[in-house]
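Trainee: Could you take me through one part of this structure closely, namely its aromatic pairs, and tell me how each pair you describe is arranged and where it sits?

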Amino acid sequence: MLITQQQVENIIGHKCLSSWEQGFIESIVGQMKKGRTLSENQERIVTRCLEKTTPENVASREEWEKEYVEQHRETALLCARYYK
């Protein structure tokens, strides 16, 4: 998969990325601006980040969060209190 600098820049600050992924993406943009190519491992991680931020995956994550709060949060809290 050919990863463009614009694709990577578009996901800077995306809410679905962890703080580590945010820093990684910012670093990658810096490398790309200097004309450097990505290693195979860097491409793999960037691809994973790009996939996490697709509209479909964002919608799926939001739906899971909503479902969790509505259906599973009370059970999780009950279990946590029990094991505490």
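Mentor: Please keep in mind that this is a predicted model, and let us begin with the chain as a whole before we turn to the rings. The protein chain has four helices and zero strands, so that its elements, read from the N terminus, run α-α-α-α. Its radius of gyration is 17 Å, well over the 12 Å that the globule rule gives for 84 residues, and the chain is therefore more spread out than a compact globule. Of those 84 residues, 27% are buried.

Now to the rings, where a pair is described by the distance of the centres and the angle of the planes. A search of the whole structure finds three aromatic pairs, and one of them joins Trp20 and Phe24, whose ring centres are 5.2 Å apart and whose planes meet at 15°; because planes under 30 degrees apart count as stacked, this pair is stacked. Both residues lie in helix H2, which covers residues 19-33, and they are four residues apart, about one turn of the helix. Trp20 is exposed, with a relative accessible area of 52%, whereas Phe24 is buried, with a relative accessible area of 15%.

Another pair is formed by Tyr82 and Tyr83, with ring centres 4.8 Å apart and planes at 90°, so this pair is edge-to-face. Here both partners, Tyr82 and Tyr83, are exposed.

Technical notes
Residues numbered from 1 in each chain as written. Predicted model: local features only at pLDDT ≥ 70, side-chain atom pairs only at ≥ 80, totals over all residues. Heavy atoms only, no water. Helix = DSSP H or I, 4+ residues; strand = E, 2+ residues; numbered from the N terminus. Rg over C-alpha atoms; globule rule 2.2 N^0.38 Å. Buried < 20%, exposed > 50% of the residue type's maximum accessible area, 1.4 Å probe, protein only. Phe/Tyr/Trp six-rings, centres within 6.5 Å; stacked < 30°, edge-to-face > 60°.
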